[in-house]
Amino acid sequence: MLADRDQLIAAAERAVGSIGPDVTMDQIAAEAHVTKPILYRTIGDKAAVVDVLSDLLVDRIGRAIAASLTPVGDPRENFSASVRAYLMAVDSNCNLYVFVNSTGHPPASLRSRIDRSARQLIDMLGGQVVAAGLSSSPAMSSVTWAHSIIGALQTVTLMWIDVERDTDHHDARTIDDIAEDITDLLWPGVAGILGVDP
């Protein structure tokens, strides 16, 4: 049976999930029941696998965040809910998150992915504010804030995953704890950009 591209991507995700972020191309090929040349010919090298799985993860997180928002809800509560949804989406496959964030991306590929994540965040938060009748549209500086939020979330999430994996560390925080910490830290600035009361 010939594996198509979608089957190979699914196999790559399974291999990362079960083996861990240090998975090799040989292990991915074995999970897909194909030879490594077929894997390379169909998807590409490891950087291409990282790119494909990064896109999959960005879309999955975007859907989780969108589903967490309440139409015409309180903007701060929606922001906190979106942070919590991000962390919960990551928690469902921490190995995948570490895999796509610990392997070097070419600068253009990384920039494209971060820009897409930031745009999703701007659209969702801006849409919430407009729906609530609090502002006509988010300010241009919301682009800077969106990128800052993405960077903060990536850094804090990788730290949280690392602490969770450290069995000698007894100070692990829950998703709710971290979401509230990030909200407390970032919301005053985000509120100013969106033109709402902090």
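Select helix α5 (residues 75–91) and colour its buried positions: P75, N78, F79, S80, A81, S82, V83, A85, Y86, L87, A89 and V90. Buried here means under 20% relative accessible area, exposed means over 50%, and partly exposed lies in between, with a 1.4 Å probe and protein chains only. Helices (H or I, at least four residues) and strands (E, at least two) are DSSP runs, numbered from the N terminus. Because 12 of the 17 residues of α5 are buried, this helix is largely enclosed by the rest of the structure.

The model is predicted: local features need pLDDT of at least 70, side-chain atom pairs count only at pLDDT 80 or more, and totals for chains, interfaces and linings use all residues. Residues are numbered from 1 along each chain as its sequence is written, and side-chain values use heavy atoms, with hydrogens and water left out.

**The ends of α5**

Next, select D74. A side-chain oxygen of D74 lies 3.2 Å from the backbone nitrogen of R76, and D74 thereby caps the N-terminal end of α5. The end C-alpha atoms of α5 are 24 Å apart, in agreement with the 24 Å that its 17 residues should span at 1.5 Å a residue. The expected span is 1.5 Å times one less than the number of residues.

**The neighbouring helix α4**

Now add α4, residues 46–68. The axes of α4 and α5 come within 8 Å and cross at roughly 145 degrees. These axes are lines fitted to C-alpha atoms, for helices over the stretch in contact, and angles run from 0 to 180 degrees between N-to-C directions. The crossing of α4 past α5 is right-handed, a term that applies if the near helix is turned clockwise from the far one by less than a right angle, with anticlockwise giving left-handed.

Which residues of α4 and α5 meet? From α4, select I61, A64, I65 and S68; from α5, select N78, A81, S82, A85, Y86, A89 and V90. Contact means heavy atoms within 4.5 Å. By class, this contact has eight nonpolar, three polar and no charged residues. Nonpolar covers Ala, Val, Leu, Ile, Met, Phe, Trp, Tyr, Cys and Pro; charged covers Asp, Glu, Lys and Arg; the others, Gly among them, are polar.

Along α4, the buried residues are A48, V49, V50, V52, L53, S54, L57, V58, I61, G62 and I65. The 23 residues of α4 reach 33 Å from first C-alpha to last, close to the expected 33 Å. At its N-terminal end, D45 acts as the cap, with a side-chain oxygen 3.2 Å from the backbone nitrogen of A47.

**Three loop positions**

Select N93, in the loop between α5 and α6 (94–102). N93 is buried, with a relative accessible area of 16%. Leaving aside neighbours within four places in sequence, N93 is in contact with E13 and G17.

Move to P21, in the loop between α1 (5–19) and α2 (25–32). Its relative accessible area is 15%, so P21 counts as buried. Show L96 as well: the C-alpha atoms of P21 and L96 are separated by 6.6 Å, although the two residues are 75 residues apart along the chain.

Finally, select H33, in the loop between α2 and α3 (36–42). Is H33 buried or exposed? At 73% relative accessibility, H33 is exposed. Its phi is positive, about 60 degrees, although H33 is not a glycine. Most residues other than glycine have a negative phi.

**The whole chain**

Zoom out to the full chain, which has nine helices and zero strands. Of its 198 residues, 42% count as buried. Among contacts with a separation of 6 or more, 72% join residues 24 or more positions apart.

Technical notes
A polar contact is a pair of N or O atoms within 3.5 Å; within protein, one must be able to donate a hydrogen and the other to accept it, and residues adjacent in sequence count only if both atoms are side-chain atoms.
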